[in-house]
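Here is a short walk through a two-chain model, starting with a pair of packed helices and working outwards. Keep the structure open while you read.

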Amino acid sequence: MTASAPVVRPEGGAGQDPLPRRAVAALRAGIRNGQALRWTGAVGAVIPALALAFVLVVLVIKGWPAFRIDGWSFFSSKAWSQGNQYALKPEIKNGYELPPGAAYGALPLIVGTLATSLIALIIAVPVSVGTALAIVERLPRRLAYAVGLFLEVLAGMPSVIIGLFGAVTLGPIVAHDIAPYVARNVPDVPVLSYFAGKTGSGYGLLTSGLVLSLMVIPIIAATTRDLVRQVPILPREGALALGMSDAQTARRVTLPWVGAGIVGSVVLGLGRALGETIAVAMVCGASFGSFPSNLYDTMITAAAAIVLTLEAALTDATGYALSVLAEIGLVLMVITLLTNIGARLLVRRVSSTALPVGAGI
Amino acid sequence: MAAHRQTAGSLGQIPSVPIRRRVGNALFWGACFLALLLVVGPTLWLIITTIGKALPHFHWTAVSSDTVGAGTAGGLLNAILGTLVLTVGVLIVSGTISILTGLYLSEFSRGRSRPLLRGAYEVLAGIPSIVLGYVGYVVLVVQFHWGYGLLPAVLVLSVITIPYIAKATESSLAQVPSSYREGAEALGISQGWALRKIVIKSAIPGIITGMLVALAIAVGETAPLLFTAGWSTTNPSFALTHSPLGFLTYAVWEFSPSNSPINSANQLSYDAGLILLVFVLLLILIGRLIAARSRRYAE
């Protein structure tokens, strides 16, 4: 750096250092010290938040008329009728138009969504946890890698293919083999009456639950496997030294050690099951306005209802049907968001602090 | 082994394992292996069914010609090309936004904005895709009069996939050893230069893995695309709006036996399923290769 006379920079861009060149220089400096990257990054990082806000606002605005018309009874009603769409004059209720006779209730959708997800979890949780334990504690490394590949394929399988499998292969087997056998042999006990009765066509609650369990298993199994791998060797060796068998060690030391994490992954899987659309739409039998009478009966879930009726909802000139779907979407979103947030809190808790030995005994 | 244990027991040095515990142990691990079988079995069954339904009647016209009518004849070339165009669009839009998001959250963001911005994309991951499809349809397709086309479909798919790439970017940037950054600083390299030439470079395998997950989702998503991409039996044009385009999952859904009574359409549905399966397997293979390469590189 020579001690030359300070360069006189003419203000306003006239002279030897014109504005474009200065701008280019500033840009170069910005790129070099990371400021440019910082600001483009900030713009990018705001977009997901904006998208989230946009989705919420659209659902609330679109769902508001339906909420004004039905109020809270929307959540306790099981009606599902488009009403007379060719009526000359729409009915007016609480200031909003609807086709005469149109009525929608969300209760069967909510019940169907929760019931299918519950069936999926009842199947998936023990299977996934058992698989994870077998992979980590019993399988040699190469075989564990191969089974991991299976889990990855199952996780990456497009849901429409699983739906096709459910509709073409699994449904008929449920209808012809599983359901009649179970229904015939189930004891006549009050609680088990849901297993008896008409066995249906193979499209319904049980098939939907089975299909969903196929989608939930890879989530729970892969997470549990990774969690179990992280359990330190010392507490397990300690358990063995105390004379516990390795099954007891797995059950009483390893699993409680990662218990919260497993619960977290289960809830994460639940989120997937609650929101699953197309596969359920293919195997649920799509019966609106009623509850399934037994395990094999046709039903509908919230997500499947949206995909199956969205096109038809546009024909409702009053916009009521479209508004109802927005309300259903909002309900579905709230349910899945709560489960997801719960899951993340649980997974984070277990990954940040180790549980004391034997907390679950 | 058993004989050895018996002699040890008879010598009175090591008490033999009580039969009850041995049975309990065997039962427990038996149940675990049964569970393993219940995962591997149905997965194999699913894969074999998907291949078995398609392969016996598979004809090369399925990948070389366009669909005719409602699947009465022809193939799936329009759908394959449509799916490819969609995935490229998602890679560009979602890839850019999410890499910027991950980069900003990992490298620049300080204070309270960080959990807020991260929470936003994590919440986004929890929204059922059909809800996003509904919003895309009602606002982009109907309200904005865009009609079915590439732009609404890519935008909705991008919102669905942003969380996955952003998370992968953020966590792989966080895993870059701090010695890299310190080394760069010690050499007097500016922060921007160090980021671009050193930090991001070593995070690339993780970012690509996240992109592969996003690709698998974009290829396999159905419900939101039904209402944003529409369907077309002609090859995709690159017009952004008012140009419905075909995609593979539509063919699986709409031509499946549940929705179409036409035999040739059902066959197209199975074919589309097989092609999707091949896509997914390819993505998984690429992911494994990248993971193996980056592991070797790290060692």
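Let's begin inside chain A, where α4(A) and α6(A) pack at an angle of about 135°, their axes 8 Å apart. That angle makes α4(A) and α6(A) oblique to each other, and their crossing is left-handed. On the α4(A) side, the contact is made by A:Leu151, A:Leu154 and A:Ala155. Facing them from α6(A) are A:Leu214, A:Ile217, A:Pro218, A:Ile219, A:Ala221 and A:Ala222. By class, that's nine nonpolar residues, with no polar and no charged ones. Bear in mind that this is a predicted model.

Helix α4(A) has a partner in the other chain too. Residues 141-156 of chain A form α4(A), which packs with α2(B), residues 19-54 of chain B, at an angle of about 55° with the axes 10 Å apart. So α4(A) and α2(B) are oblique to each other as well, and the crossing is left-handed. Which residues meet there? From α4(A) come A:Val147, A:Phe150, A:Val153 and A:Leu154, and from α2(B) come B:Leu36, B:Val39, B:Val40, B:Thr43 and B:Ile47. Sorted by class, this contact has eight nonpolar residues, one polar and no charged. Notice A:Leu154: it's listed in the contact with α6(A) and in the one with α2(B).

As background, an α-helix has 3.6 residues a turn, so residues three or four places apart point the same way. Keep that in mind when you look at the next helix.

Helix α8(A) covers residues 246-257, and its buried residues are A:Ala247, A:Ala250, A:Val253, A:Thr254 and A:Trp257. What do these buried residues pack against? Within chain A, they pack against α3 (107-137), α6 (205-229) and α7 (233-241), and chain B adds its α2. So α2 of chain B turns up beside the buried residues of α8(A) as well as beside α4(A).

Now for the contact between the two chains as a whole. On the chain A side 70 residues are in contact, and on the chain B side 74. Helix α2 of chain A (residues 35-70) gives the largest share of chain A's side, 16 residues. The chain A side divides into 45 nonpolar, 17 polar and eight charged residues.

Here are the two chains side by side.

| Chain | Residues and radius of gyration | Globule value | Source of each row |
|---|---|---|---|
| Chain A | 361 residues, 29 Å | 21 Å | globule rule |
| Chain B | 299 residues, 26 Å | near 19 Å | compact globule |

Chain A's 29 Å is well over what the globule rule gives, so chain A is more spread out than a compact globule. Along the principal axes, the C-alpha atoms of chain A fill a box of roughly 105 × 80 × 35 Å, while those of chain B fill one of roughly 85 × 65 × 35 Å.

What is each chain built from? Chain A comes to twelve helices and four strands, and chain B to twelve helices and two strands. In chain B the order from the N terminus is α-α-α-β-β-α-α-α-α-α-α-α-α-α.

Buried residues make up 47% of chain A, and for chain B the figure is 47%. As for contacts between residues at least 6 apart in sequence, 78% of those in chain A join residues at least 24 apart. In chain B, 74% of the contacts with a separation of 6 or more are between residues 24 or more positions apart.

How values were computed: Residues numbered from 1 in each chain as written. Chains lettered and ligands numbered in written order. Predicted model: local features only at pLDDT ≥ 70, side-chain atom pairs only at ≥ 80, totals over all residues. Axes fitted to C-alpha atoms, helices over the stretch in contact; angles between N-to-C directions. Parallel < 35°, antiparallel > 145°, perpendicular 65-115°, else oblique. Left-handed = near helix turned anticlockwise from the far one by under 90°. Contact = placed C-beta atoms within 7 Å. Nonpolar A, V, L, I, M, F, W, Y, C, P; charged D, E, K, R; others polar. Rg over C-alpha atoms; globule rule 2.2 N^0.38 Å. Buried ≥ 20, exposed ≤ 12 C-beta atoms within 10 Å, placed from the backbone.
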